[in-house]
Protein chains: 2
Amino acid sequence: MAPSVVERRAGLLEAADRVVQREGSAASMNLIAAEAGITKPILYRHFGDKSGLYRALAARHTDELLVRLRAALVTRGGLAARTRATVAAYLSAIEENPQIYRFLIQRAAVEEPDVRGEVEGFVRRFGDELAAGIRNEPSLAGIDELRATVWAHAIAGMVQAAGDWWLDHPEVPRATVVDELSALLIEGFDLG
Amino acid sequence: MAPSVVERRAGLLEAADRVVQREGSAASMNLIAAEAGITKPILYRHFGDKSGLYRALAARHTDELLVRLRAALVTRGGLAARTRATVAAYLSAIEENPQIYRFLIQRAAVEEPDVRGEVEGFVRRFGDELAAGIRNEPSLAGIDELRATVWAHAIAGMVQAAGDWWLDHPEVPRATVVDELSALLIEGFDLG
DNA sequence: TCATGGTGTTACCGTCGGTAACCTACTGTC
DNA sequence: GACAGTAGGTTACCGACGGTAACACCATGA
């Protein structure tokens, strides 16, 4: 039986995924088409242009990561537990698949200026999600709206950068990074 | 009198700078060469390849920014004052020239995998500088080495991401962002 | 006068993203 | 059963890119 258009699309995205993981930023439309066993124009019929394909690919992984982060954000056990769980969820995700993670970061940065704003980058969406989490945080009830927003994007960038550094220092245990980041977030650095 | 090779190089970099500021990521070798009043092969003789030119260009601005950050890191008046000064220095720099700042971020992300490690990205260098600042911080004397490193890269990413968000929300005063980031860094978010 | 070396150019290569034109089946209809 | 229409596919091309080889100019110094 012939696959539906949505199944087809999913298959193409999986092929693109394999190429991105294998080739990194050298993943070209030709390579992806070959991996899927077809030729270029079909890709363009499905995704419009390269940016469209990359967006669809990024949305997949971003959505999946956001699901995990949302779950961590409502962990029981108080603010400290939720903080640790969220940081740990992020680090686990990038540890499982660094290549995809690098792809997401790169896509966010390389997007054309005129598309900026329409399509939100990866870290920005992470920040939005955190902002919602902070506003819903019981122990932070009544927090200033702007403060929550700035903090959220700050924390998103902080976890991302620390995670990026950590990927290049695998000798450091994940738990240590989680500990240090959580401590900084919760207590600040004025206490040592 | 004929310009020396280093003067020549500087002139080429200035031309490249203008093109990057004007064209953003569409700055091609042909455009840059035209802006400098010469043709492509000369650029290649001076910088090897496009990545080399971009690296030279990035190093220029990164170095300049690091000078300002280093100065802020030794501001008198205690830890809080130094924190505010450093954050403010970063935000001022990206506000003065968002196009160049975006170029630096993008370069860091898009660098080929096999070059990673050899050439440090922009945020990573910022993190290294912060790490040194934290280790030299009197009020944090005796801080654990690993903790200082993780915190430094975390703070670098935090300021970068918040700054990036701020560039898209110019209605928020810089002082507000500085306040919120400094508060989060110094006291953490457990106090409101 | 002639070799030499730096500075510059033109003209090309392979590859990329993207598209127009065509080709090939399968469908329903008279 | 011949035939139009259409979904799904391919080949062959376009302009632009990064990068390079080959050649031209022009000062110098023996």
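Two residues are in contact if their C-beta atoms, placed from the backbone, lie within 7 Å. Keep that cut-off in mind for what follows. The model is predicted.

Start where the two protein chains meet. The contact takes 39 residues from chain A and 38 residues from chain B. On chain A, four helices each give at least two residues to the side that touches chain B: helix 6 (98–110), helix 7 (122–135), helix 8 (145–167) and helix 9 (174–187). Helix 8 of chain A has the largest share, with 14 residues. By residue type, this side of chain A holds 25 nonpolar, 10 polar and 4 charged residues.

How are the two copies related? A turn of 180° and a shift of 0.0 Å along the axis lay chain A on chain B, with an RMSD of 0.1 Å. The two copies are thus related as by a two-fold rotation axis. The interface fits this picture. Of the interface residues of chain A, 97% are also interface residues in chain B, so the copies meet through the same surface.

Now look inside chain A. Helix 5 (residues 79–96) packs against helix 9 of chain A. Their axes lie 9 Å apart, at an angle of about 135°. Angles over 145 degrees would count as roughly antiparallel, so helix 5 of chain A is oblique to helix 9 of chain A. The crossing of these two helices is right-handed. Helix 5 of chain A brings residues including Ala80(A), Val87(A) and Leu91(A) to the contact. Among those from helix 9 of chain A are Val177(A), Leu181(A) and Ile186(A). In this contact, 9 residues are nonpolar, 2 are polar and 3 are charged.

Turn next to the DNA. Strand C has 13 residues around it. Ser28(A), Asp49(A), Lys50(A), Thr39(B) and Pro41(B) come nearest. Helix 2 (29–36) and helix 3 of chain A, together with helix 3 of chain B, each give two or more residues to this surface. It divides into 6 nonpolar, 3 polar and 4 charged residues.

Which residues are the closest to DNA strand D? They are Thr39(A), Pro41(A), Ser28(B), Asp49(B) and Lys50(B), out of 13 that surround the strand. Three helices each supply at least two residues here: helix 3 (40–47) of chain A, and helix 2 (29–35) and helix 3 (40–47) of chain B. The surface near strand D is made up of 6 nonpolar, 3 polar and 4 charged residues.

Key:
Residues numbered from 1 in each chain as written. Chains lettered and ligands numbered in written order. Predicted model: local features only at pLDDT ≥ 70, side-chain atom pairs only at ≥ 80, totals over all residues. Near = placed C-beta within 6 Å. Nonpolar A, V, L, I, M, F, W, Y, C, P; charged D, E, K, R; others polar. Axes fitted to C-alpha atoms, helices over the stretch in contact; angles between N-to-C directions. Parallel < 35°, antiparallel > 145°, perpendicular 65-115°, else oblique. Left-handed = near helix turned anticlockwise from the far one by under 90°. Least-squares fit on C-alpha atoms with pLDDT ≥ 70 in both.
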